[in-house]
Amino acid sequence: MIPEIKAYEEKMTKTINVLTNEYASIRAGRANPAILDRIMVDYYGTPTRINQLASISVSEARILVIQPYDKSVLKAIEKAIQASDLGINPSNDGAVVRVPFPQLTEERRKELCKSIRKQGEDAKVAIRSIRRDANDKLKAMKKNSEITEDDQKAAEQKVQKMTDRFCEEIDKISANKEKEIMEV
């Protein structure tokens, strides 16, 4: 077993984790605190994530409640959410920020599904790129007589099986997210 293959498997696993995190930030008409993970708030001149400034909870199926630890940051949180590309409009009652999530339209659901497919394809491209890097490394090792040709072929087959497994996993994750988005 060539130890470098393990490193390439870890890279592929990281690609899956990144995709999963991207999918978590796509809203499906339900309130999900992960949607706010990418939003940064200007907190005393420092860009800070909302979840570091406040506790975020789901009060109802379609309403997020953001309760800041420091009340002076309420307006900044509200402005940051409005300025984001989420298309949601928060309301501030002086103590907490409520973020209602409207029902998704059929057209918006289809747009989100296209986006999900594209992100899935991008992840597969990243996986294939990792495979190419692994195969290039194996060819270089063969050229430098570090491994035999049989070892190279066996390792390339392992890398290919690993690539196929991760691509199937991406397909499953994407299909599940699309199904979640299309649920009414």
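Here are some numbered notes on this predicted model, for someone opening it for the first time.

1. Start with the helices α1, α4 and α5. α1 covers residues 4-24, α4 covers 106-143 and α5 covers 149-182, and each of them supplies at least two residues of the largest nonpolar core. That core has 25 residues. The largest share of it, 9 residues, comes from α4. If you want landmarks to click on, the residues with the most contacts inside the core are Met12, Ile26, Ile127, Met162, Phe166, Ile170 and Ile181.

2. There is a second core too. This one is separate and has 20 residues, with Ile35, Ile77, Ala80 and Ile81 among them. As a general note, nonpolar side chains in soluble globular proteins tend to be buried together.

3. Now take the helices in pairs, beginning with α4 and α5. Their axes are 10 Å apart and the packing angle is about 170°. Angles over 145 degrees count as roughly antiparallel, so that is how α4 runs relative to α5. What sort of residues make up the contact of α4 with α5, by class? There are 14 nonpolar, 12 charged and 6 polar residues in this contact.

4. The pair α1 and α4 comes next. Here the axes cross at roughly 170° and come within 10 Å, which makes α1 roughly antiparallel to α4. On the α1 side, the residues that meet α4 include Glu4, Lys11, Thr15 and Glu22. On the α4 side, the partners include Ile116, Gly120, Ala123, Ile127, Ile130 and Met141. Sorted by class, this contact has 11 nonpolar, 3 polar and 6 charged residues.

5. That leaves α1 and α5. Which way do these two helices run, parallel or antiparallel? Their axes cross at roughly 10° and come within 11 Å. Angles under 35 degrees count as roughly parallel, so α1 and α5 are roughly parallel to each other. Ile5, Met12, Ile16 and Thr20 are among the α1 residues that meet α5, and the α5 residues they face include Val159, Met162, Phe166, Ile170 and Lys177. The class count for this contact is 12 nonpolar, 4 polar and 5 charged residues.

6. Met162 is a handy residue to zoom in on. It is one of the residues with the most contacts inside the largest core. Beyond its neighbours within four places in sequence, Met162 is in contact with Ile5, Tyr8, Glu9 and Met12. Those names also turn up among the α1 residues that meet α5.

7. Next, some residues elsewhere on α1. Lys11 lies in this helix and counts as partly exposed, at 43% relative accessibility. Lys11 and Gln52 are 41 residues apart in sequence, and their C-alpha atoms are 28 Å apart in space. Asn21 also lies in α1, and at 57% relative accessibility it counts as exposed. For Asn21 and Asn92, the spacing is 71 residues in sequence and 28 Å from C-alpha to C-alpha.

8. Have a look at strand β2, residues 46-49, where Thr48 sits. Is Thr48 buried or exposed? Buried means under 20% relative accessible area, so Thr48, at 12%, counts as buried. Setting aside neighbours within four places in sequence, Thr48 is in contact with Ile39, Met40, Val41, Tyr43 and Leu53. A polar atom of the Thr48 side chain also lies 3.0 Å from the backbone oxygen of Thr46.

9. Thr46 is in β2 as well. It has a relative accessible area of 42%, which makes it partly exposed. Thr46 and Ala76 are 30 residues apart along the chain, and 12 Å separates their C-alpha atoms.

10. Finally, two loop residues deserve a check of their backbone. Tyr44 lies in the loop between β1 (40-43) and β2, and Ser145 lies in the loop between α4 and α5. Phi of Tyr44 is near 50°, a positive value in a residue other than glycine. Phi of Ser145 is near 60°, again positive in a residue other than glycine. Tyr44 counts as exposed at 66% relative accessibility, and Ser145 is exposed with a relative accessible area of 64%.

Terms used:
Residues are numbered from 1 along each chain as its sequence is written. This is a predicted model: local features need pLDDT of at least 70, side-chain atom pairs count only at pLDDT 80 or more; totals for chains, interfaces and linings use all residues. Side-chain values use heavy atoms; hydrogens and water are left out. A nonpolar core is a set of buried Ala, Val, Leu, Ile, Met, Phe, Trp, Tyr and Cys residues joined through side-chain atoms within 4.5 Å. Buried means under 20% relative accessible area, exposed over 50%, partly exposed in between (1.4 Å probe, protein chains only). Helices (H or I, at least four residues) and strands (E, at least two) are DSSP runs, numbered from the N terminus. Contact means heavy atoms within 4.5 Å. Axes are lines fitted to C-alpha atoms, for helices over the stretch in contact, and angles run from 0 to 180 degrees between N-to-C directions. Angles under 35 degrees count as roughly parallel, over 145 as roughly antiparallel, 65 to 115 as roughly perpendicular and the rest as oblique. Ala, Val, Leu, Ile, Met, Phe, Trp, Tyr, Cys and Pro count as nonpolar, Asp, Glu, Lys and Arg as charged, and the others, Gly among them, as polar. A polar contact is a pair of N or O atoms within 3.5 Å; within protein, one must be able to donate a hydrogen and the other to accept it, and residues adjacent in sequence count only if both atoms are side-chain atoms.
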